[in-house]
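Welcome! Take a look at the structure below, then try the exercises one at a time before reading each solution.

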Amino acid sequence: MDTALDILTAVLLLGGALMSLAAAVGLLRFPDLLSRMHAATKPQVLGLLLFLLAIAVQQRSWAVVPVLIVCWIFQLLTAPVSAHMVGRAGYRTKHLRKDLLSMDDLDDVVEHAATRRREAGDRASNE
């Protein structure tokens, strides 16, 4: 029984390491910020899940499971939020390739905000 659990742990660790490696390769190889964010979040989150499952299998104790679940929940909460913040900052500072976008949802919003800002500046200069 111990050998089977050790093999399962090894498989989970290898899977987690491969997913983390895929994330690292994506960070180095993908052409722009938005593609790199995809590589930095999704495979890395799955890799962490595999690592946490390996820890749970190897420890063979229910006491460690709540800590692993909390770790997993924080990862699920922080990865999309940080990716969203980096993506918006990259969009506003023009660190993306628009030719790679299939659809630009923020273009109308940013243009509308720029128009409002110009109109407010014109009104302030006329007063």
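Helix angles here run from 0 to 180 degrees between N-to-C directions, taken between axes fitted to C-alpha atoms over the stretch in contact. Keep in mind that this is a predicted model.

**Exercise 1.** Work out how helix 1 and helix 2 are arranged, starting from the angle at which their axes cross.

*Solution.*
- Step 1: Find the two elements. Helix 1 covers residues 2-29, and helix 2 covers residues 33-59.
- Step 2: Take the geometry. Their axes come within 8 Å and cross at roughly 165°.
- Step 3: Apply the cut-off. Angles over 145 degrees count as roughly antiparallel, so helix 1 is roughly antiparallel to helix 2.
- Step 4: Add the handedness. The crossing of helix 1 past helix 2 is left-handed.
- Step 5: Sort the contact by class. Between helix 1 and helix 2 there are 17 nonpolar, eight polar and two charged residues.

**Exercise 2.** Do the same for helix 2 and helix 3, and say which residues make their contact.

*Solution.*
- Step 1: The axes of helix 2 and helix 3 come within 10 Å, crossing at roughly 175°.
- Step 2: Helix 2 and helix 3 are therefore roughly antiparallel to each other.
- Step 3: From helix 2, the contact includes Leu-33, Met-37, Thr-41 and Ile-55. From helix 3, it includes Cys-71, Leu-76, Val-86 and Gly-90.
- Step 4: By class, this contact has 16 nonpolar, five polar and no charged residues.

**Exercise 3.** Find the residues of the largest nonpolar core and the helices that supply them.

*Solution.*
- Step 1: Six residues form the largest nonpolar core: Val-45, Leu-48, Leu-52, Leu-68, Trp-72 and Ala-79.
- Step 2: At least two residues of this core come from helix 2, and at least two from helix 3 (65-92).
- Step 3: Zoom in on one member. Leaving aside neighbours within four places in sequence, Ala-79 is in contact with Thr-41 and Val-45.
- Step 4: Look for a second group. Another core lies apart from this one and has five residues, among them Leu-5, Leu-12, Ala-54 and Val-57.

**Exercise 4.** Is Gln-75 buried or exposed, and which residues does Gln-75 touch?

*Solution.*
- Step 1: Locate Gln-75 in helix 3.
- Step 2: Gln-75 has 15% relative accessibility and so counts as buried.
- Step 3: Not counting residues up to four places away in sequence, Gln-75 touches Gln-44, Val-45, Leu-48 and Pro-80.

**Exercise 5.** Compare two loop residues, Asp-32 and Arg-60, by place and accessibility.

*Solution.*
- Step 1: Asp-32 sits in the loop between helix 1 and helix 2, whereas Arg-60 sits in the loop between helix 2 and helix 3.
- Step 2: Asp-32 counts as buried, at 5% relative accessibility. Arg-60, at 42%, counts as partly exposed.
- Step 3: Leaving aside neighbours within four places in sequence, Asp-32 is in contact with Leu-96, Arg-97 and Leu-100.
- Step 4: The C-alpha atoms of Asp-32 and Gly-90 are separated by 9.8 Å, with the two residues 58 apart along the chain.
- Step 5: Check the backbone of Arg-60. Its phi is near 55°, a positive value in a residue other than glycine.

Definitions and conventions. Residues numbered from 1 in each chain as written. Predicted model: local features only at pLDDT ≥ 70, side-chain atom pairs only at ≥ 80, totals over all residues. Heavy atoms only, no water. Helix = DSSP H or I, 4+ residues; strand = E, 2+ residues; numbered from the N terminus. Parallel < 35°, antiparallel > 145°, perpendicular 65-115°, else oblique. Left-handed = near helix turned anticlockwise from the far one by under 90°. Nonpolar A, V, L, I, M, F, W, Y, C, P; charged D, E, K, R; others polar. Core = buried A, V, L, I, M, F, W, Y, C linked by side-chain atoms within 4.5 Å. Buried < 20%, exposed > 50% of the residue type's maximum accessible area, 1.4 Å probe, protein only. Contact = heavy atoms within 4.5 Å.
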